[in-house]
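User: I'm new to this structure and would like a close look at a single part of it. Could you walk me through the sheets, and then show me what goes on around them?

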Amino acid sequence: MSTATTTWGGIDACQFALALQSGIHRVIGGQADLNRINVFPVADGDTGTNLSLTLGSALPTLTDRGKDHVGSLLAAVADALLDGARGNSGAIMAQFFQGMSDTAADLPHFSPGSFARAVTAGCEYARDALSDPQEGTILSVISAFARELDQRTRAAPQPGLPAVLPHAVASASRALEATERQLEVLRKAGVVDAGAKGFVELIEGMADYLLHGRMTDLPAAFAGKDAHGFIETAGADSALDYCFCVECLVQDKEIDRRKLREALDELGNSLVLAGTKRKARIHIHANVPEQVFAVARCFGKVSAEKADDLERQQHSTHGVGARFAVITDSAADIPDEAMDRLDIHMVPVRIQFGDRSYLDKVSITTREFFRELDANPHHPTTSQPSPGDFRRQYQFLASHYRDVISINLTAKVSGTWQAARSAASRVDATGRLHVVDSLNASVGQGLIVVFAAECAAAGLDAATTLAAIDMLKAETHTFALVKDLRYAVRGGRVPASRKWLADFFRITPVLRSEPDGRISARGMLLGRGRRLPKFARHIAARSAQDSALRVAIGHAMCEDEANVLDRLLRDALGNVVTSNITDLGSAFGVHGGPGTLVVAVQTHRSPREFENVVAKPGG
């Protein structure tokens, strides 16, 4: 292994890679503390998570021992960080390394002067990436580090490493302590800036290796550690000017970054525009994510869209009383009121109309989806969230809660559950992740999710709730009435001949969830008249008549019919304790189209029933 020495004739690529690994490991190990003190620009408690995910994306490049040229190593690192950048601080960090890379492109190794110049360029790039750079942030600490390096290397013709690096790290540390006095929000909370502290952790880890040969190891899973601040951060709730943290990647032959920045500035705040003329990473806080993506599409090909709900994240970081968090994917159809009241998190499915991509229920509403489905010549495709989509939210939640329960679309119809499991296995955080196959979809999946969130609000622990969910899955049944099979034909799910037969014999198929999670045709309604009374009787004949029931109805642009069906079901079932109506999402809607109705019937259970249940070991 190549190690740094106490003289600085130069740092080769291997030494720099190992030093950077050491620094990244240190940031990852300290992510819980960074999350705890995160109050600026929004107190959403995710700076440690975002920096860990951002910097962690460079680790595969750094462990590749094939690079023996500092310039090519930094180019690969900068590209990896740009692709993996998360959050405000992550985007700034990516741009810092882009500046280092551009300056060191032709260097086989670093000399004292070239290292100082690369850091100075990185500082300038990071500052230029922000529309409104502020002191008292990560920028102040980077500036102090760069300034001290520059002054020390200029002062002596051949400075040794011990004569330069400790002073630069110390200067950055002093700048970090000063951030508490520079920003009012930090002073009130009594903390330093989280992003700035993350940068100091990075350079301290690098200095430990370069000066002393000490490598900070990558932390093992945090599950056995008693991390402080599961659901408590330093700041109090504050009003949010914008609701979403929106990010995406734009690629083109030559991006006009000035015009892109000007267009984005009108949509929100906390804008960071990182990258190059060929690839730019956008980070912005905005109210309408689709407006951001639409602007980005005017400048190139857009990918890696994401939009995190800042209000829900902020709420999760302040003592809300729940012992675990609940998250699902957007195939679950849940009323907005329940999502907000029970603090349910959601990972959006991706929807593709031709060359246009959307985040389900984030950058396209359910009503907009059905209008587009009806008018667009391209039938949409839906794809499960990637493991990366899940991992980002898992990492955040598992840093603030002891347990996270993820309830996902049935594995029999989608790879969503597998993607969630894959993501969970790669999360390094203090909380435990439990990924559950709902064996259901749409409003059926939604009822299970809502019950889990009610258990959290009632103070039940995760193990007891998981045992209750296992029971409730068998007591949740979903039925779908497809008015028009043409959308299923367009999507390739149903042969055109079957639609012809259904139309000829005036048959309306009924779909139903099976106990093993399959969704299949399990009946039909004869004749097109009195569809709703027939559907209600069909459901009642297949539902428990001796139990109190919950009912959920999802509709695709047919709310009046949903209200009629609700009344019919209350009469037919007889003992409906709660009932709700919500817009139908894309899980069923992409194949059913406008006019589709989906009903879930579930045995009514109170979380209180399970308070004294002893969960099985490992439950």
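Analyst: Here is a walk through the two sheets, followed by some side-chain details from elsewhere in the chain. One thing to keep in mind from the start is that this is a predicted model.

Let's begin with the parallel sheet. It's an open sheet of 4 strands, and reading across it the order is β6-β5-β10-β11, with parallel pairing. The edges are taken by β6 (345-347) and β11 (432-437); each has a single partner strand, so one side of each has no neighbour in the sheet. Going from one strand to the next, the twist averages 25 degrees.

Now zoom in on one pairing. Strand β5 (residues 324-329) and β6 run parallel and are joined by 3 bridges. If you'd like a spot to click on, try T328, whose bridge partner in β6 is M346.

Helices pack on this sheet too. Helix α17 (residues 387-398) touches β5, β6, β10 (403-408) and β11, and its direction makes about 160 degrees with that of β6. Helix α19 (residues 442-457) also packs on the sheet, touching β5 and β10, and its direction makes about 170 degrees with that of β5.

On to the other sheet. This one is open as well and has 4 strands, in the order β2-β3-β1-β4, but here the pairing is antiparallel. At its edges stand β2 (268-275) and β4 (301-309), and since each has a single partner strand, one side of each is left without a neighbour in the sheet. Leaving direction aside, neighbouring strands here are turned by 15 degrees against each other on average.

Inside this sheet, strand β1 (residues 244-251) and strand β3 (residues 279-286) run antiparallel, with 8 bridges joining them. L249 is a handy place to look: its bridge partner in β3 is R281. This sheet has a helix to show as well, since α12 (residues 257-265) lies across β2 and β3 and runs at about 160 degrees to β2.

Next, the charged side chains. A search of the whole structure turns up 33 salt bridges. One of them is between K306 and D308, where the closest N and O atoms are 2.9 Å apart. Both K306 and D308 are buried.

Another salt bridge pairs R26 with E204, with 3.0 Å between the closest N and O atoms. R26 sits in helix α1 (residues 13-29) and E204 in helix α11 (residues 194-212), so this pair ties together parts that are 178 residues apart in sequence. R26 counts as partly exposed because its relative accessibility is 26%, and E204 is partly exposed too, with a relative accessible area of 22%.

For a pair within one helix, look at E337 and R341, whose side chains meet in a salt bridge at 2.5 Å, N to O. Both lie in helix α15 (residues 336-341), 4 residues apart, which is about one turn of the helix. E337 has a relative accessible area of 47%, so it is partly exposed. Some salt bridges also share partners, and in that way R26, K197, E201, E204, D208 and R214 are joined into one network.

Then there are the aromatic rings. The structure holds 10 aromatic pairs. F96 and F97 make one of them, an edge-to-face pair with 5.3 Å from centre to centre and 85 degrees between the planes. F96 and F97 are both buried. F369 and F370 have their ring centres 5.1 Å apart and their planes at 75 degrees, so this pair is edge-to-face as well. F369 counts as buried because its relative accessibility is 1%, and F370 counts as buried at 2%. Coming back to F96 and F97, ring pairs link them with F145 and F199 into a cluster.

Last stop: T153, which lies in helix α8 (residues 138-155). With a relative accessible area of 13%, T153 is buried. What does its side chain reach? A polar atom of the T153 side chain lies 2.8 Å from the backbone oxygen of L149, and the side chain also reaches the backbone oxygen of D150 at 3.1 Å.

Notes: Residues numbered from 1 in each chain as written. Predicted model: local features only at pLDDT ≥ 70, side-chain atom pairs only at ≥ 80, totals over all residues. Heavy atoms only, no water. Salt bridge = Lys/Arg side-chain N within 4 Å of Asp/Glu carboxyl O. Helix = DSSP H or I, 4+ residues; strand = E, 2+ residues; numbered from the N terminus. Buried < 20%, exposed > 50% of the residue type's maximum accessible area, 1.4 Å probe, protein only. Pairing = 2+ DSSP bridges. Axes fitted to C-alpha atoms, helices over the stretch in contact; angles between N-to-C directions. Contact = heavy atoms within 4.5 Å. Phe/Tyr/Trp six-rings, centres within 6.5 Å; stacked < 30°, edge-to-face > 60°. Polar contact = N/O pair within 3.5 Å; in protein donor to acceptor, adjacent residues only side chain to side chain.
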